[in-house]
Amino acid sequence: MSLFLGNTFQNVQIEVNWMTYVMILAYFAVLLAIGYYAYKQATGNLDEYMLGGRNLGPWVTALSAGASDMSGWMIMGLPGEIYSVGLAGLWIAIGLSVGAYLNYIIVAPRLRVFTELTDNAITIPDFFEKRVNDHTRVLKIISGLIIVVFFTLYTHAGLVSGGVLFESAFKLDYHWGLIITGAIVVLYTLFGGYLAVSLTDFFQGVIMLLSMVVVPIVAFMELGGMDTFGTIADVKPSNLDLFKGTTLIGIISALAWGLGYFGQPHIIVRFMSIKSHKLLPAARRIGISWMVVSLLGACLSGLIGIAFIAKTGTKLDNPETIFIVMSQIFLHPFVAGFILAAILAAIMSTVSSQLLVTSSALTQDFYMLLRKTDDGKNRDKEFVMVGRLAVFLVAIVATFLAWNPNDTILNLIGNAWAGFGAAFGPLVIFSLYWKKLTKQGAIAGMVSGALTVIIWIMLKDKGGIFELYEIIPGYIVSILATVIVSLITYKDKYDVTSLFNEMKRRLHA
């Protein structure tokens, strides 16, 4: 039997071979081994647990940022969208690619340097507070609360992906799949912290890239090469049209996904942990190359999936499982196990990052405010322990929310993505570029952006303008609120000119 071909078109039922299970178990073993290694190397203090000691190289930074970003939605949600609407779904991939590139250019260098200058801020709320000199702690508490709420929802979307994977590939009960996914992620995140998450993300990023190349190419060749596109067009001519099957609002909404990058804590925290800002150009080249190839593979998988279903007559209950189904049909069980490991990689890499950022918010932005830390005692071990407990608690809540899913993976993630993008995106940009930002303006922009997203989601069923992706009105309202309130409340008492000058000096050194 070929290394790649697993079944023929006359037998298109998914049958998980023992070799597939071996690959999955080996994958789990590697994750836990990395977690143990990181536990031994980098849990001495909170800075190491939350940021890896700011000592990561460009490869780990780039692939961990990509893997934590491109969760199960890339391997399941995006192919499912392309399968459902055709090539018009490509607009999301275009928007994300442009947004990610701009994030490396606009945010990454300044954030890496500025977070060190602001008394070594190790979380985004910590940076916001120090940037505007907020001694009331209100800004830190509100931003930490937004992180906890939206990341719990985000994590629950990732766990839904895991449950669906185990249900569709292994015929395992969805709830058991949910529990297994959560348990593995919690174990290596709980003990290894940021270093474990980053190293496993690097490992998972490599697996994801290989999978996004192998599956569409093998499926394309087996379905007749170039004739595949003829079959796709025969099913529905608009499948191969970027503009048909969508609307102007749909295109604008898809492109607007790119705006979300500036405000995603689990992604921009990677920029804070790289060894030096001088390594960011290399990280950018690696990360964007990885992203473009992976997204194209996901889109091609969904498109080719249309021809696959048409030619084989395979029953597809959930469009978001098209990548899973094709990988199991076309590939040898050994390779199929590798692909399933890649899907788990996509899911777990994002969930682990989200758990850690939420943990850091609960620890730094809530617990440390309640716990007196000015008595001269070193409480790093205590704070690391609280961080680990927070990981466990958030995972439990997210699992509870994911127990009875009522939406698609893409929509679940889209809501959380918009929430963070609108709440934090404008604020991150203003923090790094505008000297007149005040704490009142920061709070106004952050709260109004988040609330606008929530209200817009609630009104989406009304149709019309509310079909526009909620991140757009959220961004607009957040920007207006931040600028107006900052200009009203700005005083010359807190001059950040020296901070900006030092940041620019280091960037050009």
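**View 1. A nonpolar patch on the surface of the predicted model.** In this predicted model, six side chains come together to welcome us: I94, V98, Y101, L102, I105 and L255 make a nonpolar surface patch of about 460 Å². Which helix gives the most to the patch? That is helix α5, spanning residues 90–117, with five residues. Take L102 as a residue to look at closely: this leucine is one of the patch members and sits in helix α5. With a relative accessibility of 34%, L102 counts as partly exposed, because that value falls between the 20% limit for buried and the 50% limit for exposed.

**View 2. Helix α7 from end to end.** Now follow helix α7, which runs through residues 138–170 and so has 33 residues in its length. From the first C-alpha to the last, helix α7 reaches 47 Å. How does that compare with what is expected at 1.5 Å a residue, and what is the expected value? The expected value is 48 Å, and the span of α7 is close to it. Is this helix largely enclosed or largely open? Of its 33 residues, 26 are buried, so α7 is largely enclosed by the rest of the structure.

**View 3. T155 and its contacts.** Zoom in on T155, a residue of helix α7. Is T155 buried or exposed? Its relative accessibility is 1%, so T155 counts as buried. Which residues does T155 touch, once those up to four places away in sequence are left out? The partners are V351, Q354, L355 and A398.

**View 4. The loop leading into α7.** Step back to the loop between α6 (124–131) and α7, where you can find N133. The phi of N133 is near 55°, a positive value in a residue other than glycine. R137 has its place in the loop between α6 and α7 too, and the phi of R137 is near 70°, again positive in a residue other than glycine. How accessible are these two residues? N133, at 33% relative accessibility, counts as partly exposed, and R137, at 35%, also counts as partly exposed.

**View 5. Just past the end of α7.** To finish, look at the residue that comes just after helix α7, which is K171. What sign does the phi of K171 have? The phi of K171 is positive, at about 55°.

How values were computed:
Residues numbered from 1 in each chain as written. Predicted model: local features only at pLDDT ≥ 70, side-chain atom pairs only at ≥ 80, totals over all residues. Heavy atoms only, no water. Helix = DSSP H or I, 4+ residues; strand = E, 2+ residues; numbered from the N terminus. Expected span 1.5 Å × (residues − 1). Buried < 20%, exposed > 50% of the residue type's maximum accessible area, 1.4 Å probe, protein only. Patch = residues over 30% accessible without salt bridge, like charges linked within 9 Å, V, L, I, M, F, W, Y side chains within 5 Å. Areas by Shrake-Rupley, 256 points an atom, 1.4 Å probe, with all protein chains shown as cover. Salt bridge = Lys/Arg side-chain N within 4 Å of Asp/Glu carboxyl O. Contact = heavy atoms within 4.5 Å.
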